[in-house]
Amino acid sequence: MSAIASPALPGRRHDLDWIRVGAFMLLILYHVGMFYVPWDWHVKSTHEIAALEPVMMLTNPWRLTLLFLVSGCATRFLADSLSARGRGGWALAGSRTLRLLPPILFAMFVLVPPQSYYEIYEALRGLGVADPAHSPVLGDFWVRYATASGDWCGDTGCLITPTYNHLWFVVYLLIYSLVLTALLAVPGVRRGLQAVADRAFRGWGLVVWPLAWLLLIRWTLAPIFEINHALIADWYNHALSFSAFLFGFLTARSETVRQGLIRLRWPALTAAMLAWAGWATYAWIYRAEDALPAEALRMAMRAVYALDQWAFIVAILGFGARWLNHGGPVLRYLSVGVFPFYIAHQTVTVVVGHHLAKLGLPVAVEAGVLIAATALGCLVTYEVARRIGWLGLLLGVKPETRSAAAGVQAANRPPLAA
C-alpha cells in the first residue's frame with residue numbers, strides 16, 4: 001500500500017463538501033458581476049463598473065480549476081463506493097453519465113435558449129433595431145435554435161446553437177470521467193498513477209510539481225490555444241482542468257496531502273495575495289486592446305498567474321481541511337442543492353438582468369434585486385427537482401437525495417456526489 005493511501009482518510013470529507021459549495025456560490029456571484037464589468041457577456045447593465053475588474057480577477061485564475069479538483073475528489077469517493085459494493089470499474093462511467101448527461105441535454109434545449117435569445121435581442125438593440133422581439137432574426141427562435149438553422153452572426157463571430165453555454169463545466173466533467181474510467185480499465189494504470197502521486201505530492205512536492213505543470217502549460221499552450229469551452233482545440237483548458245481533476249482523484253484519500261495542505265495554508269495565502277495583486281495590476285494597466293506589454297513581461301506575468309492559481313487552491317484546501325470538518329443539516333441541504341443551483345443560475349441572472357436593465361434603478365438596488373432573484377430562482381429549482389422523482393435528474397437531483405437532504409441516510413451517501 002502506498003504512502004499516501006496509508007493512512008487513508010475516512011469515506012467522507014466535510015471540508016471538501018464545504019469547499020465545493022463555496023466554489024459554486026462564488027461562481028454564481030461571479031456571473032452576477034459579469035453583468036456589470038466592461039467585459040463581453042450575454043446581457044449587460046447600463047451601470048458599467050470598471051472597478052469591479054480587480055475583484056473579479058481575485059477568483060478568475062483558480063475558481064474553475066478548484067471545482068475540477070474537488071470533482072476529481074468526488075469521483076474518487078464514488079469509484080471507491082462502487083468498488084466496495086462489488087460493481088466493476090465501468091459502473092463509474094454509467095453513474096457519471098446518468099448523473100451528468102440528462103442535465104446537459106435538458107439545459108441545452110430548455111434552460112439555455114433564453115440566454116441565447118436575450119443575447120441576440122440586446123445585440124439587435126445595440127444595432128438600432130427598435131423592436132428586437134418582432135425582428136425576423138428572432139422569429140421562430142426556439143425551432144431555429146434547436147435545429148441549428150439560425151443565422152446569428154455579428155462582428156465577433158456567429159452564435160452556434162444548440163449550445164451548452166455555462167454547462168461546459170458539466171460537459172467537460174462528464175468527458176473527463178469517461179476518460180478516467182477508460183484509463184483505469186487498463187491493467188496497472190491506476191497503481192502506476194497512484195505510485196507517482198504518492199512520491200510526488202509529499203512535502204514541498206505538493207507545491208513544486210503542480211506549480212511547475214501550471215507554469216509549463218501557461219508558457220506553452222495558453223498562448224496558442226485560447227480557452228473556448230468548445231471541446232475542440234481547447235487544449236490549454238484540457239491540460240489545466242483534467243490535470244486538476246486527476247490530482248483530486250489521486251489525492252482525495254491522502255492524509256499526507258491533507259496535512260501538507262494544512263501546514264502550507266498561511267504561506268500559500270500570502271503568496272496568493274501577492275500574486276493576485278501583481279496580476280490584477282498588470283491586467284488593469286494593459287486592459288485596453290491596443291495596450292501590448294513587452295514579451296518578457298508577458299512571460300513573467302504568466303508565471304505570476306500560475307502562482308496565483310496554485311497558491312489560492314492550496315490555501316483554500318488547507319484552511320478547509322483545518323476548519324471545515326463538520327457537517328450538519330445546512331451542508332446536507334447545500335451539498336445536494338448546489339448542482340441544480342449551478343444548472344439554473346445563469347439563465348435566471350440573464351433573464352432577470354435583461355429586464356432589470358430597462359428600469360433604470362440605482363446600481364445598488366439593481367444588484368441587490370438581481371442577487372436575490374438569482375438566489376430565489378436557484379432555491380425554487382432545487383425544491384422542484386426534489387419533488388419530481390426521476391425527472392429531478394434533469395435538474396441534477398437523484399430521487400434518493402430527497403431524503404438525504406433532510407438528513408436521512410446522509411452518512412451512507414458518497415460525498416460530493418454531484
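The protein chain holds 15 helices and two strands. Its radius of gyration is 22 Å, close to the 22 Å that the globule rule gives for 418 residues, so the chain is as compact as a globular protein of that length. This is a predicted model. Along the principal axes, the C-alpha trace spans about 70 × 55 × 40 Å.

**Packing and surface**

Half of the chain is shielded: 50% of the 418 residues count as buried. Contacts reach far along the sequence. Among contacts with a separation of 6 or more, 76% are between residues 24 or more positions apart. The accessible surface comes to about 18,700 Å². Carbon and sulfur atoms account for 68% of that surface. The chain carries 32 positive and 23 negative charges. The mean positions of the two sets lie 16 Å apart.

**Cysteines**

How many disulfides does a search of the whole structure find? It finds one. The bond joins Cys153 to Cys158, with an S to S distance of 1.9 Å. The link is right-handed, with 105 degrees about the S-S bond.

How accessible are Cys153 and Cys158? Cys153 has a relative accessible area of 48%, so it is partly exposed, since the exposed class starts over 50%. Cys158, at 45%, is partly exposed too. Cys73 is buried, with a relative accessible area of 3%. Cys378 also counts as buried, at 2%.

The table sets out these four cysteines beside two other residues taken up below.

| Residue | Relative accessible area | Class |
|---|---|---|
| Cys153 | 48% | partly exposed |
| Cys158 | 45% | partly exposed |
| Cys73 | 3% | buried |
| Cys378 | 2% | buried |
| His42 | 13% | buried |
| Thr349 | 0% | buried |

**His42, a loop residue**

Where does His42 sit? It is found in the loop between α1 (14-34) and α2 (53-56). Is this residue buried or exposed? His42 has a relative accessible area of 13%; buried means under 20%, so His42 is buried.

Leaving out residues up to four places away in sequence, His42 touches Gln115, Tyr118, Glu119, Glu122, Asn165, Gln346 and Val350. One of these partners, Gln346, is 304 residues from His42 in sequence. In space, the C-alpha atoms of His42 and Gln346 are 9.9 Å apart.

**Thr349, in helix α13**

Thr349 lies in helix α13, which covers residues 329-356. Its relative accessible area is 0%, so Thr349 is buried under the 20% cut-off. Which residues does Thr349 contact, leaving aside its neighbours within four places in sequence? They are His31, Val32, Trp41, Leu370 and Thr374. Of these, His31 and Val32 fall within the residue range of α1 (14-34).

**Pro102, in helix α4**

Pro102 has its place in helix α4, residues 90-111. Not counting residues up to four places away in sequence, Pro102 touches Thr97, Leu393 and Leu394. Thr97 falls within the residue range of α4 as well.

How far apart are the C-alpha atoms of Pro102 and Arg202? They are separated by 39 Å, with the two positions 100 residues apart along the chain. For His42 and Gln346, 304 residues apart in sequence, the C-alpha separation is 9.9 Å.

Methods: Residues numbered from 1 in each chain as written. Predicted model: local features only at pLDDT ≥ 70, side-chain atom pairs only at ≥ 80, totals over all residues. Heavy atoms only, no water. Disulfide = S-S within 2.5 Å. Buried < 20%, exposed > 50% of the residue type's maximum accessible area, 1.4 Å probe, protein only. Helix = DSSP H or I, 4+ residues; strand = E, 2+ residues; numbered from the N terminus. Rg over C-alpha atoms; globule rule 2.2 N^0.38 Å. Contact = heavy atoms within 4.5 Å. Areas by Shrake-Rupley, 256 points an atom, 1.4 Å probe, with all protein chains shown as cover. Lys, Arg positive; Asp, Glu negative; His and termini not counted. Charge placed at Lys NZ, Arg CZ, Asp CG, Glu CD.
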